[in-house]
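This briefing is meant for a reader who is meeting the structure for the first time. Please keep the sequence and the model in view while reading, since each group of points below takes up one topic.

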Amino acid sequence: MVLPARIRVGGLYPLPAAHAPVTPATVETVAGLLRRHRGRVLALTGAGVSVPSGIPDYRGPRGTYRVHGGYRPILHHELVSQHASRQRYWARSFFGIRPAFRAEPNAAHRAFARLEASGHLAGLITQNVDGLHTQAGSQRVLELHGTLRRVACLGCGHTSDRDRFQLRLEALNPRWARFSAEMARAGEEPARRPDGDVDLPPELRYEDFRYPMCTRCHTGHYMPTVVFFGGNVADAVRAQSLDMVDQAQSLLVCGTSLATFSAFRLVKHAHDAGKEVLIASFGQTRGDPYATAKLDVLAEELLPLVAQELDR
């Protein structure tokens, strides 16, 4: 199946053989930006920041698109309109969500929280849906693509906690719940994908999986409060993200190839407004032509040293 250009998935950029080591000069490049624009630096983060927490990404060195070339995620219009697609999504998420929620913030998440608490960082926009920035202590976080921790009815808009929704899935699918418990006792789990997705164990079939209807309107279907491929960022969120860029004096981009337009446009918007844009991300990114400086480094190695330098 050939997807329309506006919802083409993949978008792999070349990766160098190895990331550059973090040097004192590298640390000073980022620390200098944060000093010059103290309190007016906005961070923009992506999946690369959460990889050290055990959450897979799509486009990194071990990303799903690179390791599994034929992988195709669920698209927004499929989840909205197709029963079979909803079965596939919720069946895979049934196994994948608990490991995703067990993930803990890593050194990069904690460093961003320190930089905000010390007054160097104005706030943070993240493409990640895992909630780890907030869990690490960051206060001013905009989740550009939403969060996996809630679900919403497509009909009436009723929302529910994802953990509570998981209990409903278990009640409707007792055989799957037993299988999941057996795997947990054996210390096993299916191969994980980004966004709480997994490879389904061969013993189970999508066609047998049941999912609940909305508890309020009783006719609507639930979906996670995240932006799926082919979906759109809500107008209010898009407006808030652009306003945050407008209020900042510079943009610090970490752990993202900026392949999604919703993130890329923020970099271009900052560049077009004459703001300083520093990209610290391993490999080529879509925003490189608009960057004031580019560092081929890993966020978890760089950011803690930057926070430590600024704490002196």
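Arg 286 lies over the face of Phe 264, at 4.4 Å from the ring centre, and a comparable placement is found where Arg 149 lies over the face of Phe 101, at 4.3 Å from the ring centre. The model is a predicted one. The points that follow take up the aromatic pairs, the salt bridges and a pocket.

**Aromatic rings**

- A search of the whole structure yields 12 aromatic pairs, and one of them is formed by Trp 90 and Phe 165, whose ring centres are 4.7 Å apart with 50° between the planes, an arrangement described as tilted.
- Trp 90 belongs to helix α4 (residues 83-102) and Phe 165 to helix α7 (residues 162-172), so this pair ties together parts that are 75 residues apart in sequence.
- Both members of this pair, Trp 90 and Phe 165, are buried.
- Phe 95 and Phe 179 form an edge-to-face pair, because their ring centres are 6.2 Å apart and their planes stand at 80°, an angle that falls in the range over 60 degrees.
- Since Phe 95 lies in helix α4 and Phe 179 in helix α8 (residues 174-185), the pair ties together parts that are 84 residues apart in sequence.
- Phe 95 counts as buried at 6% relative accessibility, and Phe 179, with a relative accessible area of 18%, is buried as well, the cut-off for buried being under 20%.
- Trp 90 and Phe 165 also belong to one aromatic cluster, which they form with Tyr 89, Tyr 222 and Phe 228.

**Salt bridges**

- The structure holds 12 salt bridges, among them the one between Arg 36 and Glu 276, in which the closest N and O atoms are 2.5 Å apart.
- Arg 36 is part of helix α1 (residues 24-36) and Glu 276 is part of strand β10 (residues 276-280), so the pair ties together parts that are 240 residues apart in sequence.
- Glu 276 counts as partly exposed, with a relative accessibility of 21%.
- A salt bridge also joins Arg 98 and Glu 170, with 3.3 Å between the closest N and O atoms, and this pair links distant parts of the chain, as Arg 98 is in helix α4 and Glu 170 in helix α7, 72 residues apart.
- Arg 98 is partly exposed at 32% relative accessibility, and Glu 170 is likewise partly exposed, with a relative accessible area of 23%.
- The side chains of Asp 208 and Arg 205 meet in a salt bridge with an N to O distance of 2.9 Å; Asp 208 is partly exposed at 36% relative accessibility, and Arg 205 is partly exposed with a relative accessible area of 48%.
- Glu 28, Arg 35, Glu 309 and Arg 312 are joined into one network by salt bridges that share partners.

**The second largest pocket**

- The second largest pocket has a volume of about 310 Å³, and its lining is made up of 20 residues, of which Pro 224, Thr 225, Val 226, Val 227 and Asn 232 lie nearest its centre.
- Strands β4 (146-153) and β8 (222-226) each supply at least two residues of this lining.
- By kind, the lining residues of the second largest pocket divide into 12 nonpolar, 7 polar and 1 charged.

Definitions and conventions:
Residues numbered from 1 in each chain as written. Predicted model: local features only at pLDDT ≥ 70, side-chain atom pairs only at ≥ 80, totals over all residues. Heavy atoms only, no water. Phe/Tyr/Trp six-rings, centres within 6.5 Å; stacked < 30°, edge-to-face > 60°. Helix = DSSP H or I, 4+ residues; strand = E, 2+ residues; numbered from the N terminus. Buried < 20%, exposed > 50% of the residue type's maximum accessible area, 1.4 Å probe, protein only. Lys NZ or Arg CZ within 6 Å of the ring centre and 35° of its normal. 1 Å grid on protein atoms, 1.4 Å probe; cavity = no way out; pocket = protein on both sides within 12 Å on 5 of 7 lines; lining within 4 Å. Points joined across faces, edges and corners; volume = space filled by probe spheres on them. Nonpolar A, V, L, I, M, F, W, Y, C, P; charged D, E, K, R; others polar. Salt bridge = Lys/Arg side-chain N within 4 Å of Asp/Glu carboxyl O.
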